[in-house]
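This report describes selected local features of a single protein model. It begins with backbone geometry in the loops and then turns to a helix, the cysteines and the enclosed or open spaces.

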Amino acid sequence: MMDFSLETVRKLEAEFENPLYVLDESAFVQNYREFETTLQQQYPKYQLSYSFKTNYTPYICSLVKNLGGYAEVVSGFEYDIARRVGFTSSNIIFNGPNKGEDGLKALLDGCILNVDNLDELDAVCRRAKQFPAVSFEIGLRINLDVGQGFLSRFGMDPEDLTKAFAIVKAVPNLRIVGLHCHISRCRGKDAWQRRSEIMLDLSDRYFPDDPPKYIDLGSGMFGKMDPDFRAQFDSVPSYADYAAVTAKLVADHYSRFEEDRKPLLFTEPGTTLINKYIDFLGRIDVIKTIKGKDFAILNCSVHNLGEACTLKTLPMKVISAGGRSEYFENADLVGYTCLEQDVLYQRYTGFLGLGDYVQFGNVGGYSTVYKPPFIWPNCAMLVKQENGEYREIKRAESYDDLLGTYVF
Ligand SMILES: Cc1ncc(COP(=O)(O)O)c(C=O)c1O
């Protein structure tokens, strides 16, 4: 977590109000570079592609672009953000189970499109036939079983791949040039090794003469974490561990080929890149006791922090405002909403006072982009720039922002 003094928190509150998200730019950039370098050391043709859905704040996407990353998007909305940020279409990977017309338009633009299912493939074939003078290239998302213990609904059944290749072969200006997969809830090293091995087998089978143009392994790796957060997971591989079972395997597999014939290797990190580098600053507005149980009511909710705070205990720090404070045992820090389950932190033991600030860590992914317009609009986001100055990169939402679509 970032180190905030009371003076800084007060200054930020005076200038930008509270609550706030704060992005640590230099730590984000350092982590990005470390992740990318670790994979490129094993396989120089590794290309990082940032998962926009995790946090599409344009400032963050722009950092990724300037660092040489690609964009991974799953809708026309995210594709539009990527284009506005300045990604060229050839540096945008378009995934997703239901891209609709937006996917077909982006394909015509020249994006990297991974087809999820046979119906989508059919639509792509029809579009290619409408533009016989244009050469189209696509990838296929494959539904992998790496022992994750549940049936994923994404991608094509491997049983359908032969059929998919035959369908495409009948369209002269369409080619399959890449294979893609992504598996969630399965971040361990062995599962990643299995994922790489299956993808390399499939590449050999479906590209017997020449390697594919790219292999995209999706994402689902652990990122860096504060020690108390990390301790809540069984085993957390390092970036080097992941590189050894992905980039290294690909490097070994294609070692006999000249550099220009080796496939590009993508992964699509989201949470790995951003989670640890956004903190949240809230404030205790009410403290009350009901039948011996203490509650501190904050000016934020679980919706600001994202799902992670309902599954695990987020890193958290109380920053005393210097007023009267009392020692509490097993107090719950709860949100402003009317939901009983709006508990941001359970069983806090320590000092708390009215007006104290509460800092939560690890809230980069699925937080601000996941906040519904429920009860309160969302708050602003700042960046702590590399020169140490703070700047607003998303203003707080107004009532008009939220109500603009309704008819009064
Ligand atoms: C296709 C795809 N790629 C990448 C990601 C990002 O995964 P992570 O945040 O685990 O890096 C997701 C997340 O669901 C995804 O669905």
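I375 is placed in the loop between β15 and β16. The model is a predicted one, and in it the phi angle of I375 is near 70 degrees, a positive value in a residue other than glycine. With a relative accessibility of 42%, I375 counts as partly exposed.

N362 lies in the loop between β15 (357–360) and β16 (380–384) as well. Its phi is near 65 degrees, again a positive value in a residue other than glycine. N362 is buried, with a relative accessible area of 3%.

Another backbone feature is found in the loop between α1 (6–16) and β1 (20–24), where P19 lies. The peptide bond from N18 to P19 is cis, and its omega is near 10 degrees.

**Helix α8**

Helix α8 covers residues 189–206, 18 residues in number. From its first C-alpha to its last it reaches 26 Å, close to the 26 Å expected at 1.5 Å a residue. The buried residues of α8 are A191, W192, R195, S196, I198, M199, L200, L202, S203 and Y206. An α-helix has 3.6 residues a turn, so residues three or four places apart point the same way. Which elements cover the buried residues of α8? The cover includes two strands, β7 (174–180) and β8 (214–216), together with the helices α7 (161–169), α10 (239–245) and α11 (247–253).

**Cysteines**

The count of disulfides in the model is zero. C300 is in no disulfide, as the nearest cysteine sulfur, that of C379, is 7.9 Å away. C300 is buried, at 0% relative accessibility. C309 is likewise in no disulfide; for C309 the nearest cysteine sulfur is that of C300, 9.1 Å away. C309 is also buried, with a relative accessible area of 6%.

**Pockets and cavity**

The table sets out the open and enclosed spaces by volume and by the make-up of their linings.

| Space | Volume | Nonpolar | Polar | Charged |
|---|---|---|---|---|
| Largest pocket | about 1400 Å³ | 18 residues | 20 residues | eleven residues |
| Second largest pocket | about 500 Å³ | eleven residues | three residues | seven residues |
| Largest cavity | about 30 Å³ | five residues | three residues | one residue |

The lining of the largest pocket consists of 49 residues, and those nearest its centre are S184, R185, R187, T271 and Y366. Helices α12 (271–274) and α14 (308–311) each supply at least two residues of this lining.

The second largest pocket is lined by 21 residues. Nearest its centre lie Y56, P58, F77, I81 and K394. Which element gives the largest share of the lining of the second largest pocket? That share comes from α4, with five residues. At least two residues each are supplied by α4 (76–85), β17 (390–394) and α15 (399–403).

The model has one cavity of 30 Å³ or more. The residues that line the largest cavity are R141, I142, N143, L144, S152, F154, C181, H182 and I183.

Conventions: Residues are numbered from 1 along each chain as its sequence is written. This is a predicted model: local features need pLDDT of at least 70, side-chain atom pairs count only at pLDDT 80 or more; totals for chains, interfaces and linings use all residues. Side-chain values use heavy atoms; hydrogens and water are left out. Helices (H or I, at least four residues) and strands (E, at least two) are DSSP runs, numbered from the N terminus. The expected span of a helix is 1.5 Å times one less than its number of residues. Buried means under 20% relative accessible area, exposed over 50%, partly exposed in between (1.4 Å probe, protein chains only). Contact means heavy atoms within 4.5 Å. On a 1 Å grid over the protein atoms alone, a cavity is a set of points where a 1.4 Å probe fits but cannot get out, and a pocket is an open set with protein on both sides within 12 Å along at least five of seven lines; lining residues have an atom within 4 Å of a point. Grid points are joined across faces, edges and corners, and a volume is the space filled by probe spheres set on the points. Ala, Val, Leu, Ile, Met, Phe, Trp, Tyr, Cys and Pro count as nonpolar, Asp, Glu, Lys and Arg as charged, and the others, Gly among them, as polar. A disulfide is a pair of cysteine sulfur atoms within 2.5 Å.
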